[in-house]
Amino acid sequence: KNQSNYLGRVWYFLDISELHDTKERLAFMAHHDPLTGLPNRRLFHDLLRQNMASAQRNQKQVAILFLDLDNFKSINDYFGHQEGDDFLKQIGKLLSGALRESDIICRWGGDEFVIALIDTRGMESAEIVANKIRENVENFTDQYYPGFDLGTSIGISLFPDDSDKPDRLIRNADTAMYMAKRSGKNRFYFFVDEEVRAIFTPRR
């Protein structure tokens, strides 16, 4: 006659906290710039599309600011790429600090950043923010990188005036930024129409 002997119980515990943390890190990396921690293009597009849809329903405006750091290459050439990366990190923090929580900022690539001002009051509000950004970058670079001719060229486009499509809105701001850069740098232009005219705002 077979008899089973009770020897006790064996408990197995699986700690999945590390797996959960890994998944969270991977999800973050998929949507954020690895250097600055800012949203990447993919996340920026998604957030911009959502906010533009909301703005359209509520008859609000959204402003896109396309930024390029003037003469950033001189930092890399003189100090090396590690210092250049540290400089971009500081600029990312500086730009974020100039915005509201509702606004969106993205590192577009290299030394380019894109900002979406949500629920803005048109050109006047965008101009205030653009000047604030330029002044903050100027003060920072004058303090920590004196003697380097650094600045910020900015192009601005508005929803819905300039386009109702995210990609076109960003391209229009990019076009205005290049016009600002070609016109002397460290300034900003507003995109005006399909003929790519722009308004120069002489704030130095």
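## Exercises on a predicted fold

Take contacts in the chain between residues at least 6 apart in sequence: 64% of them join residues at least 24 apart. Contact means heavy atoms within 4.5 Å. This is a predicted model, in which local features need pLDDT of at least 70, side-chain atom pairs count only at pLDDT 80 or more, and totals for chains, interfaces and linings use all residues. Residues are numbered from 1 along each chain as its sequence is written, and side-chain values use heavy atoms, with hydrogens and water left out.

### Exercise 1. The chain as a whole

State how many helices and strands the chain has, and in what pattern they follow.

Solution.
- Step 1. Apply the rule: helices (H or I, at least four residues) and strands (E, at least two) are DSSP runs, numbered from the N terminus.
- Step 2. Count them. The chain has six helices and six strands.
- Step 3. Read along the sequence. The pattern is α-α-β-α-α-β-β-α-β-α-β-β.
- Step 4. Turn to burial. Buried means under 20% relative accessible area, exposed over 50%, partly exposed in between (1.4 Å probe, protein chains only). Of the 204 residues, 43% count as buried.

### Exercise 2. Pairing of strands

Work out which strands pair with β1, and in which sense.

Solution.
- Step 1. Recall the test: two strands pair if DSSP finds at least two bridges between them.
- Step 2. Take β3 (112-120). Seven bridges pair β1 with β3 in the antiparallel sense. Ala-63 has Leu-117 of β3 as its bridge partner. Leu-67 stands opposite Phe-113, also in β3.
- Step 3. Take β4 (151-159). β1 and β4 run antiparallel and are joined by nine bridges. Phe-66 stands opposite Gly-155 in β4.
- Step 4. Check the cover. Nine of the 10 residues of β1 are buried.

### Exercise 3. A hairpin

Describe how β2 and β3 are connected.

Solution.
- Step 1. Count the bridges. Five of them join β2 to β3, and the two strands run antiparallel.
- Step 2. Pick a pair. Ile-105 has Ile-115 in β3 as its bridge partner.
- Step 3. Look at the turn. β2 and β3 form a hairpin with two residues between them. Gly-110 in the turn has a positive phi of about 55 degrees.
- Step 4. Ask about cover. β3 is largely enclosed by the rest of the structure, because eight of its nine residues are buried.

### Exercise 4. Backbone details

Decide where Gln-59 and Asn-71 lie, and whether each is buried, partly exposed or exposed.

Solution.
- Step 1. Locate Gln-59. It sits in the loop between α2 (41-57) and β1 (61-70). Its phi is positive, about 55 degrees, although it is not a glycine. Gln-59 is exposed, with a relative accessible area of 75%.
- Step 2. Locate Asn-71. It sits in the loop between β1 and α3 (73-79). It is not a glycine either, yet its phi is positive, about 60 degrees. Asn-71 is partly exposed, at 29% relative accessible area.
- Step 3. Add a peptide bond. Phe-159 and Pro-160 are joined by a cis peptide bond, with omega about 5 degrees. Pro-160 lies in the loop between β4 and α6 (166-182).

### Exercise 5. Two residues and their contacts

Place Asn-172 and Arg-100, and list what each one touches.

Solution.
- Step 1. Place Asn-172. It is in helix α6. It counts as buried because its relative accessibility is 3%.
- Step 2. List its contacts. Leaving out residues up to four places away in sequence, Asn-172 touches Ser-157, Asp-162, Ser-163 and Phe-191.
- Step 3. Place Arg-100. This residue is in the loop between α4 (81-97) and β2 (104-109). Arg-100 is partly exposed, at 42%.
- Step 4. List its contacts. Neighbours within four places in sequence aside, Arg-100 is in contact with Leu-117, Ile-118 and Asp-119.
- Step 5. Compare sequence and space. Arg-100 and Ile-118 are 18 residues apart in sequence and 8.9 Å apart in space, C-alpha to C-alpha.
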